[in-house]
Amino acid sequence: MIIEFNRVSKSYGKHNKALADVSFAVDAGEMLFLTGHSGAGKTSILKLIMKIEEISYGQAQVNGFQLRGIKDHQLPKYRQGLGMIFQDHRLLENRTILDNVAMSLWIRGYSQSESLKQARVILQQVGLAEKLPFYPSQLSSGQQQRVGIARAIVSKPDILLADEPTGNLDPDLSLELMELFMKINEAGTTVVIASHDLILIKRLRKRVLILDSGQLIDDYRPNQK
Ligand SMILES: Nc1ncnc2c1ncn2[C@@H]1O[C@H](COP(=O)(O)OP(=O)(O)OP(=O)(O)O)[C@@H](O)[C@H]1O
Ligand SMILES: [Mg+2]
């Protein structure tokens with residue numbers, strides 16, 4: 001199991017319960033969706049995995065680490081195994097596309113030339129070879145979203161997490177992005193995508209975890225009886 005949640009609860013402050021007793025397990029190499037209404041807890045699960053937020057009750061194990069036991073000095077090593085794509089992509093506006101992606105390696109200790117080299121390769125893979133010297137504002141939202149994906153996968157994470165990656169995209173572009181995720185998954189990366197795009201999710205025939213008011217109410221695997 002690369003991800004295992006065991007009766008995990010999360011409260012923000014005293015009264016705002018976001019997740020209640022959530023348990024699930026993900027095998028290495030799986031691709032799955034987290035879905036549910038707005039406020040159901042999708043982003044909270046991703047934030048717990050990223051260790052942007054802390055678990056309130058319960059235990060979770062991710063990529064060989066017990067989440068609650070990770071010490072501050074272990075955090076960079078833990079996060080090295082993860083790639084995160086945010087809904088608002090969070091690109092640096094005053095940096096080129098190439099720099100935005102290369103930076104992800106550079107902060108991990110790669111040399112500048114190696115970072116740039118690998119960033120070029122990944123940007124080509126996501127179909128942005130022509131856009132290297134451009135700035136984020138000069139790209140369409142689908143292209144910006146692909147830069148976000150390139151940035152998350154350039155360090156070859158074991159687990160890729162994406163929060164509403166198709167949020168602002170039209171159906172054709174959304175499907176194209178999902179095909180990119182499937183390719184990344186087929187290359188061996190575990191992929192977890194939070195999305196409320198049920199039509200798209202149905203088309204892809206992947207496992208779906210359904211959240212409702214912080215509770216996991218279904219774990220649906222279309223290919224299994
Ligand atoms: N930083 C925070 N402080 C307080 N409450 C929060 C915080 N973040 C999330 N919550 C609450 O936790 C619950 C779950 O939020 P979460 O962001 O996980 O939902 P979501 O399923 O991602 O929703 P959406 O589809 O709107 O993105 C909500 O009730 C929300 O108000
Ligand atoms: Mg969310």
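**View 1. The hairpin of β9 and β10 in the predicted model**. In this predicted model, strands β9 and β10 form a hairpin in which 2 residues lie between them, and S213, a residue of the turn, has a positive phi of about 50°. The pairing of β9 with β10 is antiparallel and runs over 5 bridges. One of the residue pairs to look for in this view is that of D212 with Q215, the latter being its bridge partner in β10.

**View 2. The open sheet of 6 strands to which the hairpin belongs**. Read across, the strands follow the order β6-β7-β8-β3-β9-β10, and the pairing within this open sheet is mixed. The edges are taken by β6 (82-85) and β10 (215-220), and because each of these has a single partner strand, one side of each is left without a neighbour in the sheet. On average, and with direction ignored, neighbouring strands here are turned by 15° against each other.

**View 3. Strand β3 between its two partners, β8 and β9**. Strand β3 (residues 31-36) is joined to strand β8 (residues 190-194) by 4 bridges, and the two run parallel. With β9, β3 also pairs in the parallel sense, in this case over 5 bridges. F33 can serve as a landmark for both pairings, since its bridge partner in β8 is I193, while in β9 it stands opposite V208. As a general background to these views, strands of a sheet pair through backbone hydrogen bonds, either parallel or antiparallel.

**View 4. The open sheet of 4 strands**. Here the order is β2-β1-β4-β5, and the pairing is antiparallel. Strands β2 (16-26) and β5 (65-66) stand at the edges, each with a single partner strand, so that one side of each is left without a neighbour in the sheet. Strand β1 (residues 3-12) and strand β4 (residues 57-62) run antiparallel and are joined by 5 bridges, and E4 is found opposite Q61 in β4. Helix α1 (residues 42-50) packs on this sheet, where it touches β1, β2 and β4, and the direction of the helix makes about 110° with that of β1.

**View 5. Helix α1 against the sheet of 6 strands**. Helix α1 packs on this sheet as well, touching β3, β6, β7 (159-163), β8 and β9 (207-212). The direction of α1 makes about 145° with that of β7.

**View 6. The surroundings of ligand 1**. Which residues surround ligand 1? The shell consists of Y12, N16, A18, H37, S38, G39, A40, G41, K42, T43 and S44, and by class it has 3 nonpolar, 7 polar and 1 charged residues. Helix α1 supplies the largest share of this shell, 3 residues.

**View 7. Polar atoms of the protein beside oxygen atoms of ligand 1**. An N or O atom in the side chain of S44 lies 2.6 Å from an oxygen atom of ligand 1, and for the side chain of K42 the corresponding distance, again from an N or O atom to an oxygen atom of the ligand, is 2.7 Å. The backbone contributes through A40, of which an N or O atom lies 3.2 Å from an oxygen atom of ligand 1. Taken on its own, ligand 1 has 640 Å² of accessible area, and the protein covers 64% of this. The elements that give two or more residues to the shell around ligand 1 are β2 and α1.

Note on methods: Residues are numbered from 1 along each chain as its sequence is written. Chains are lettered from A and ligands numbered from 1 in the order in which they are written. This is a predicted model: local features need pLDDT of at least 70, side-chain atom pairs count only at pLDDT 80 or more; totals for chains, interfaces and linings use all residues. Side-chain values use heavy atoms; hydrogens and water are left out. Two strands pair if DSSP finds at least two bridges between them. Contact means heavy atoms within 4.5 Å. Axes are lines fitted to C-alpha atoms, for helices over the stretch in contact, and angles run from 0 to 180 degrees between N-to-C directions. A residue is near a molecule or strand if one of its heavy atoms lies within 4 Å of it. A polar contact is a pair of N or O atoms within 3.5 Å; within protein, one must be able to donate a hydrogen and the other to accept it, and residues adjacent in sequence count only if both atoms are side-chain atoms. Accessible areas come from the Shrake-Rupley method with a 1.4 Å probe; for residues, only the protein chains shown count as cover. Ala, Val, Leu, Ile, Met, Phe, Trp, Tyr, Cys and Pro count as nonpolar, Asp, Glu, Lys and Arg as charged, and the others, Gly among them, as polar.
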